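Welcome! Here are some short exercises, each followed by a worked solution. Have the structure open beside you as you go.

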Amino acid sequence: MAEKLETDGSFLELNLNLQANLLNHGRVQSTDGTACVVAQANGMVVKARRGAGCLLEPEPGDLVLLYLGAPEACFVLEVLQKNSAVSVVTAPGEMRLGRADTDLSLRARQMRFTALEGRVDFLHLDVLAQSIHCGAQKLSAVCANLRTRLGDVVSRMRSCHRRVEICDTLDAEQARVFARERYTLDAGSARLQAEKDMAVDGETVHLG
């Protein structure tokens, strides 16, 4: 039994030494997008591909953990220390965060999303902000029902064209229309009614 334990212990020690020889650390000297040139602590320089589990993108000067297999099986397993204050998380191919049955929270002092195209799909969406600024060359919106409750609205447009198919109703305490040049009302039939006074004033008034 003692001989067997001694044999098992020697095998365990050999296995640990083998794993220790396969793992090392080093500094990234350069990258070409698919592989990194890494200088190990012992002075040897190797070319290692980025492992699938290494989400932080290695950059020159970063301290990384290496797996040293065959020449075609050398990988950067992890970025141990960044050389710069900016960390970039990337992955080959399509990248997805979270799962459909779990919650995902993002929190930062400032967020910026940049992409050539984007799409956001929500069953319900709530947006809370102290101020919102939107800038777009062209904006299109399609909505079955739209309800808004606003305090003060100030809009400035070069021209405005609006078409209402059924009915357009304005309910206000006071309503005013200012036209600097000409105001035209065209209708199949029109009715102006006031409960109290109605005044029509102008330099020239044509009726009929």
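**Exercise 1.** Which residue in β3 does cysteine 36 stand opposite?

*Solution.* Keep in mind that you are looking at a predicted model.
- Step 1: Find the two strands, β2 at residues 35–40 and β3 at residues 45–50.
- Step 2: Check their direction; β2 and β3 pair in the antiparallel sense, over 5 bridges.
- Step 3: Look across from cysteine 36, and you meet alanine 48 in β3.

**Exercise 2.** Describe how β5 pairs with β3 and with β4, then place these strands in the whole sheet.

*Solution.*
- Step 1: Start with β3 and β5, which pair in the parallel sense over 2 bridges. Here arginine 49 has phenylalanine 75 in β5 as its bridge partner.
- Step 2: Turn to β4 and β5, which run antiparallel and are joined by 6 bridges. In this pair, leucine 66 stands opposite valine 76 in β5.
- Step 3: Follow the chain from β4 to β5: the two strands form a hairpin, with 5 residues between them.
- Step 4: Now put the strands together. They belong to a closed barrel of 5 strands in the order β1-β2-β3-β5-β4, and its pairing is mixed. On average, neighbouring strands of this sheet are turned by 55° against each other, with direction ignored.

**Exercise 3.** Is glutamine 40 buried or exposed, and which side chain does the side chain of glutamine 40 contact?

*Solution.*
- Step 1: Locate glutamine 40 in strand β2.
- Step 2: Compare its accessibility with the cut-off: buried means under 20% relative accessible area. Glutamine 40 has 7%, so this residue counts as buried.
- Step 3: Look for a partner; the side chain of glutamine 40 makes a polar contact with the side chain of asparagine 24, at 2.8 Å.

**Exercise 4.** Trace the salt bridge between aspartate 62 and lysine 82, and say which network these residues belong to.

*Solution.*
- Step 1: Recall the idea behind such pairs: side chains of opposite charge can pair when their charged atoms come close.
- Step 2: Find the contact, where the side chains of aspartate 62 and lysine 82 meet at 2.9 Å, N to O. This pair links distant parts of the chain, as aspartate 62 lies in the loop between β3 and β4 (63–68) and lysine 82 in the segment after β5, 20 residues apart.
- Step 3: Check the surroundings; aspartate 62 is buried, because its relative accessible area is 0%.
- Step 4: Widen the view to the network of salt bridges, which links Glu59, Asp62 and Lys82.

**Exercise 5.** How many salt bridges does the structure hold? Include two examples with exposed or partly exposed residues.

*Solution.*
- Step 1: The total is 7 salt bridges.
- Step 2: One of them joins arginine 99 to aspartate 101, with the closest N and O atoms 3.2 Å apart. Arginine 99 and aspartate 101 are both exposed.
- Step 3: Another brings together aspartate 168 and arginine 162, at 2.7 Å from N to O. Aspartate 168 is partly exposed at 48% relative accessible area, whereas arginine 162 is exposed at 66%.

**Exercise 6.** Locate leucine 97 and describe the surface patch that includes this residue.

*Solution.*
- Step 1: Go to the segment after β5 (74–81), where leucine 97 is found.
- Step 2: Apply the cut-off for exposed, which is over 50%. Leucine 97 has 59% relative accessibility and therefore counts as exposed.
- Step 3: Gather the patch: Leu55, Val89, Met95, Leu97, Leu104, Leu106, Met111 and Phe113 form a nonpolar patch on the surface. Together these residues have about 850 Å² of accessible area.

Technical notes:
Residues are numbered from 1 along each chain as its sequence is written. This is a predicted model: local features need pLDDT of at least 70, side-chain atom pairs count only at pLDDT 80 or more; totals for chains, interfaces and linings use all residues. Side-chain values use heavy atoms; hydrogens and water are left out. Two strands pair if DSSP finds at least two bridges between them. Helices (H or I, at least four residues) and strands (E, at least two) are DSSP runs, numbered from the N terminus. Axes are lines fitted to C-alpha atoms, for helices over the stretch in contact, and angles run from 0 to 180 degrees between N-to-C directions. Patches are made of residues with over 30% relative accessible area and no salt bridge: like charges are joined within 9 Å, nonpolar side chains (Val, Leu, Ile, Met, Phe, Trp, Tyr) within 5 Å. Accessible areas come from the Shrake-Rupley method with a 1.4 Å probe; for residues, only the protein chains shown count as cover. A salt bridge is a side-chain nitrogen of Lys or Arg within 4 Å of a carboxyl oxygen of Asp or Glu. Buried means under 20% relative accessible area, exposed over 50%, partly exposed in between (1.4 Å probe, protein chains only). A polar contact is a pair of N or O atoms within 3.5 Å; within protein, one must be able to donate a hydrogen and the other to accept it, and residues adjacent in sequence count only if both atoms are side-chain atoms.
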